Amino acid sequence: MEGKVNKQRELWIDAAKGFSIIFVVMGHSGDAAANHYLSWFRMPLFFMLSGLVFKPVDACRYLGWAAKRTKGLMTPYAAYGMLIATVLLLFSFNVRGFAENIARLLYGGLSLTGPYGVFWFITCLLFTQLLFGFIVRYPMRTQLLLITAAYSLSHLISLTSLSTFNLPWNIDVSLLAVTYYAVGYYGKKAIPALIRHRLTLPLLLPQCAGVFALERTGMIRYSLNMKYKEYDAVVLDLFIPLLISLTICAGVYGLTRILPLLWLGSLGRNTIAIMYLHLPVNYALKYLLGADYGLVPFTVIGVGIPLLAAMWISRYPLLSRWYLGHSGARPAVSYIERSAVSRRFSAGD
């Protein structure tokens with residue numbers, strides 16, 4: 001979702017995004033346990049990784065940048081929304097249902113369910129980027145005060161009847177998301193340095209295991225659902241998602257040093273089709289089969305078929321602009337890890 005990628009970048013970031021979208025698909029499989037635990041971190045991880053690659057924009061260029069970001073994210077939103085609504089119309093011939101689906105897409109937020117269930121994330125991501133892009137024009141002290149205020153306000157909303165109020169496009173969820181986004185941005189140097197340290201993963205893994213164990217034994221009660229504004233633990237909503245997200249990043253970084261994970265990096269750079277299509281594809285297949293088929297098949301189908309669709313779409317510039325948010329097949333990415341491996345081989349290591 002970032003724009004041009006013809007520069008050198010780090011494989012672990014795209015690989016972590018690849019894992020993130022897999023976790024999203026797994027969480028929507030209908031497996032209650034998987035959804036409960038994956039919801040703790042799958043969306044915060046996405047926002048943190050997005051913040052990690054965010055580039056601040058000058059105040060004088062903000063409006064043009066905001067218009068470009070809106071077009072880049074909302075064009076696929078509209079294209080996939082119309083595609084799904086049209087397919088449903090062709091199968092049901094329900095014109096009223098078609099009109100209702102269009103209305104739901106226009107309003108967004110909690111009204112998006114069924115095959116549109118994940119569309120809320122795109123509008124939330126857009127408002128998070130626009131909000132953070134506006135905040136970074138101020139001095140650091142003001143930035144931190146605004147982020148803290150947004151985080152506090154998000155929990156105030158969650159703890160009151162305002163949590164059931166359906167604001168358009170999940171605008172209010174951006175108040176929480178901007179905190180995870182900010183952690184990624186402010187941690188541009190600290191996070192890579194942390195996950196590269198050889199002691200980081202051995203130290204983080206037991207802490208993650210401890211959190212899961214405490215929840216499993218009932219010593220703590222924790223849940224997180226950003227779409228439905230279920231985040232009422234002010235401290236844990238910062239600690240647990242970021243602890244698990246950093247652990248995943250450290251683990252992924254370690255894997256990229258020993259395994260050929262370029263395919264996972266490619267997956268991470270093509271999350272948009274998977275995000276939009278994994279629910280409609282699985283809903284259609286389960287309808288045709290007349291039965292549910294479990295976590296693993298749901299995940300494989302939900303990742304594989306949309307990824308193949310994205311590869312086909314990328315061959316056509318017009319379709320790519322509509323459904324992928326860019327103009328076609330992107331240039332090859334030069335990864336830092338891949339370059340390092342090549343140098344070692346060249347040296348005879």
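## A nonpolar surface patch

Let's start at the surface, where Leu 83, Val 87, Leu 90 and Phe 91 make up a nonpolar patch with a combined accessible area of about 420 Å². Keep in mind as you browse that this is a predicted model.

One member of the patch, Leu 83, belongs to helix α4, which spans residues 62-92. Leu 83 counts as partly exposed because its relative accessibility is 35%.

## The annotated domain

The unreviewed UniProt entry carries the annotation "domain: Acyltransferase" for residues 11-314. In the model, that span is 72% helix and 0% strand, and its end C-alpha atoms lie 21 Å apart.

## Around Arg 104

Arg 104 sits in helix α5, residues 95-107. With a relative accessibility of 22%, Arg 104 is classed as partly exposed, since the buried class takes in values under 20%.

Setting aside neighbours within four places in sequence, the contacts of Arg 104 are Ser 111, Leu 112, Thr 113 and Tyr 116. You may also like to look at Pro 168: its C-alpha is 9.7 Å from that of Arg 104, with the two positions 64 residues apart in sequence numbering.

## Salt bridges

Over the whole structure, a search turns up 5 salt bridges. Side chains of opposite charge can pair when their charged atoms come close. Three examples follow, including pairs that link separate parts of the sequence.

Arg 196 and Glu 10 are joined through their side chains, with an N to O distance of 2.0 Å. Arg 196 lies in helix α9 (residues 190-196) and Glu 10 in the loop between β1 (8-9) and α1 (11-27), so this salt bridge ties together parts 186 residues apart in sequence. Arg 196 is partly exposed at a relative accessible area of 39%, whereas Glu 10 is buried at 14%.

In another pair, Asp 172 meets Lys 229, and their closest N and O atoms are 3.0 Å apart. Asp 172 is in the loop between α7 (140-158) and α8 (174-186), while Lys 229 is in the loop between α10 (200-216) and α11 (236-258), so the pair connects parts 57 residues apart in sequence. Asp 172 is buried, at 6% relative accessibility, and Lys 229 is buried too, with a relative accessible area of 2%.

Asp 292 and Lys 286 also form a salt bridge, in which the closest N and O atoms are 3.4 Å apart. Here Asp 292 is exposed, at 65% relative accessibility, but Lys 286 is buried, with a relative accessible area of 17%.

Methods:
Residues are numbered from 1 along each chain as its sequence is written. This is a predicted model: local features need pLDDT of at least 70, side-chain atom pairs count only at pLDDT 80 or more; totals for chains, interfaces and linings use all residues. Side-chain values use heavy atoms; hydrogens and water are left out. Helices (H or I, at least four residues) and strands (E, at least two) are DSSP runs, numbered from the N terminus. Buried means under 20% relative accessible area, exposed over 50%, partly exposed in between (1.4 Å probe, protein chains only). Contact means heavy atoms within 4.5 Å. Patches are made of residues with over 30% relative accessible area and no salt bridge: like charges are joined within 9 Å, nonpolar side chains (Val, Leu, Ile, Met, Phe, Trp, Tyr) within 5 Å. Accessible areas come from the Shrake-Rupley method with a 1.4 Å probe; for residues, only the protein chains shown count as cover. A salt bridge is a side-chain nitrogen of Lys or Arg within 4 Å of a carboxyl oxygen of Asp or Glu. UniProt positions are given in the numbering used here, feature names are shortened, and annotations may be inferred rather than shown by experiment.
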